[in-house]
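Student: Please take a close look at the charged side chains, and at how they pair. I would like the surroundings covered as well.

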Amino acid sequence: GTDPARYAGWIENRGITHQEFQNYYNSQLSSFQQQNRAIDGRASQTASNNAWNLIVDTEFRNKKINDLDLLAQENEIYEFLLYTPPPAFQNVFISSGMFVDDENNFVLEDYQEAVKSGDLPEELNSVFARWETYLKDWLGNRKLQNLYNKASTVSDLEVKFEYLKNNINCNIDYIFINTNKIPDSDIIITDYDIESEYHNVKEEKYKTPATKTINYVAWEIPNEVRLDTLNTISYVDSLNNEALLFADEADVTSFNDAASKFNHTIDTLEINEDFNNNSGFPFLMGTSRTAVRFIFDNPEGSISDPIEMNNQIIVINILNETSEGYKDLSEVSQSIKSTLKQSKKKEHAINLLNEKIDSGLNWEKLVSEDSTLQILSGQSGLINGSFKDIGTSNELKGALLAMKEGDTSNIITTYNAACKIKLNSKDEFNIENYEEAYPDLKTQLVNRKNNSNYGIWLNDIKENSTINDYRSKTY
């Protein structure tokens with residue numbers, strides 16, 4: 001049932017037929033055309049991605065609408081069209097000269113009177129039927145979004161913490177180690193460390209798709225020609241004729257011989273079927289699913305007809321295929337080493353700071369004996385603010401909220417430092433100011449949560465569901 005020849009993809013237990021996908025895809029292309037957007041390879045791919053994402057979102061959305069019995073009823077649709085007819089719906093009548101004033105503006109009262117009295121031409125029944133079908137889903141989705149976006153609660157403790165973070169100033173001293181200033185020579189990264197990390201993350205970070213190596217010859221379309229709509233077609237036709245002569249010669253002799261005969265340069269690319277990163281084509285060249293499908297639907301040695309890319313015409317010669325696998329350790333070892341080095345520098349900073357503090361010496365003495373350590377005194381700022389040389393972190397904010405004057409923290413980490421904090425002073429909590437700010441602050445926090453609830457739900461259900469996208473095998 002999950003055959004890519006039959007389905008464009010599979011969502012949970014339902015196959016998405018090619019016809020269903022094409023309907024969504026054509027709708028996206030139509031929208032682009034209405035916006036006067038050029039339909040090149042990149043736009044086609046964007047339309048394909050938009051269509052697939054919309055199918056996936058609609059699948060989960062409609063299931064939830066049905067589960068919660070949120071489908072719009074006939075009386076809801078009737079009242080919506082009667083009292084708040086959308087502009088696109090109004091345009092149907094305006095284009096027919098119905099319910100308009102002398103300046104061709106839609107007159108809502110005239111329309112409503114005609115609907116209530118049933119005094120509408122029969123030929124408009126099909127218009128109402130199409131809109132009723134559309135609104136049944138649209139209104140249901142609106143109810144679902146409103147439901148999620150009004151479901152948030154915020155506790156008094158959350159409001160209080162938010163107030164404290166943004167209104168309470170504190171003055172602190174801190175001893176710290178900037179991890180960026182730890183010499184690389186202090187950190188030992190072994191080959192074993194690198195290899196272990198490679199095997200830990202290779203499935204997520206270093207997997208490579210199956211590719212095919214191609215040679216190609218190109219006929220460039222200059223930018224000034226592409227912008228000259230009057231001459232673009234004739235210029236591209238001329239290039240296509242040259243490319244056809246080349247392809248014919250390559251079929252008779254060989255790709256290399258034809259390139260030599262016509263004095264063309266041969267370039268090489270590794271192409272994959274995926275939709276990411278132009279499938280391996282250079283950014284300026286753009287992408288072409290026609291080219292990708294030729295490459296993966298034909299055997300080694302095949303030579304294509306001319307294919308129009310974003311800024312050139314190309315003729316392709318398929319060389320060989322490489323199975324999917326992983327980037328070689330040698331390709332990524334330096335990147336892994338750099339990541340491990342940053343992680344180990346933070347560990348080193350924590351351990352070193354612990355060791356120095358445990359010695360019992362005061363901070364000034366510690367700094368005088370070890371240049372790796374630094375002190376900053378009398379630094380003031382909001383709890384939610386950023387402090388000089390150490391920045392901020394949730395760990396730091398939490399500590400400052402909990403500490404009292406004279407307290408010293410445990411070791412705290414920020415993005416670029418390990419530190420210990422002494423709290424010199426902190427503003428007193430003003431209950432009157434807090435109670436005055438409370439209503440507006442709570443409303444802000446509730447709205448902030450509400451605005452993200454629907455998206456969080458949708459993303460979460462997609463991440464935890466089985467979704468197989470087969471488009472790259474066909475399109």
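Tutor: A residue is called buried when its relative accessible area is under 20%, exposed when it is over 50%, and partly exposed in between. The model is predicted.

Start with a pair in which one partner is buried. The side chains of Lys-356 and Asp-370 form a salt bridge, with N and O 3.5 Å apart. Lys-356 belongs to helix α13, whereas Asp-370 sits in the loop between α14 (363-369) and β10, so the salt bridge ties together parts that are 14 residues apart in sequence. Asp-370 has a relative accessible area of 13%, and therefore counts as buried. Lys-356, at 21%, is partly exposed. Salt bridges with shared partners also join Glu-273, Arg-293, Asp-297 and Lys-473 into one network.

Helix α13 takes part in another pair. Asp-184 and Lys-345 form a salt bridge whose closest N and O atoms are 2.8 Å apart. This one links distant parts of the chain: Lys-345 is in helix α13 (residues 329-358), Asp-184 is in the loop between β3 and α8 (191-205), and 161 residues separate the two. Here the lysine is the buried partner, because Lys-345 has a relative accessibility of 5%. Asp-184 is partly exposed, with a value of 43%.

A further salt bridge joins the side chains of Arg-14 and Glu-20, at 3.0 Å from N to O. Arg-14 is partly exposed, at 30% relative accessibility. Over the whole structure, a search finds 19 salt bridges. In general, side chains of opposite charge can pair when their charged atoms come close.

Now to a group of acidic residues. Glu-109, Asp-110, Glu-113 and Asp-119 form a negative surface patch. Membership of such a patch requires over 30% relative accessible area and no salt bridge. Glu-109, one of the four, has a relative accessible area of 55% and is therefore exposed. Glu-109 is part of helix α5, which covers residues 108-117.

Two of the elements named above also belong to a sheet. The open sheet has 4 strands in the order β10-β3-β12-β11, and the pairing is antiparallel. Its edges are β10 (374-382) and β11 (412-413), each of which pairs on one side only. Between β3 (residues 169-178) and β12 (residues 417-426) there are 9 bridges in the antiparallel sense. Within that pairing, Cys-170 stands opposite Lys-426 of β12.

The backbone calls for a note on two residues. Most residues other than glycine have a negative phi. Asp-69 is not a glycine, yet its phi is positive, at about 55°. Asp-69 lies in the loop between α2 (41-67) and α3 (74-83), and is exposed, because its relative accessible area is 64%. Asn-278 likewise has a positive phi, of about 60°, without being a glycine. Asn-278 is found in the loop between β6 (267-272) and α12 (289-297). With a relative accessible area of 9%, Asn-278 is buried. The C-alpha atom of Asn-278 is 9.0 Å from that of Gln-45, although these positions lie 233 residues apart in sequence numbering.

To return to the pairs: the buried partner is Asp-370 in one salt bridge and Lys-345 in another.

Methods
Residues numbered from 1 in each chain as written. Predicted model: local features only at pLDDT ≥ 70, side-chain atom pairs only at ≥ 80, totals over all residues. Heavy atoms only, no water. Patch = residues over 30% accessible without salt bridge, like charges linked within 9 Å, V, L, I, M, F, W, Y side chains within 5 Å. Areas by Shrake-Rupley, 256 points an atom, 1.4 Å probe, with all protein chains shown as cover. Lys, Arg positive; Asp, Glu negative; His and termini not counted. Charge placed at Lys NZ, Arg CZ, Asp CG, Glu CD. Buried < 20%, exposed > 50% of the residue type's maximum accessible area, 1.4 Å probe, protein only. Pairing = 2+ DSSP bridges.
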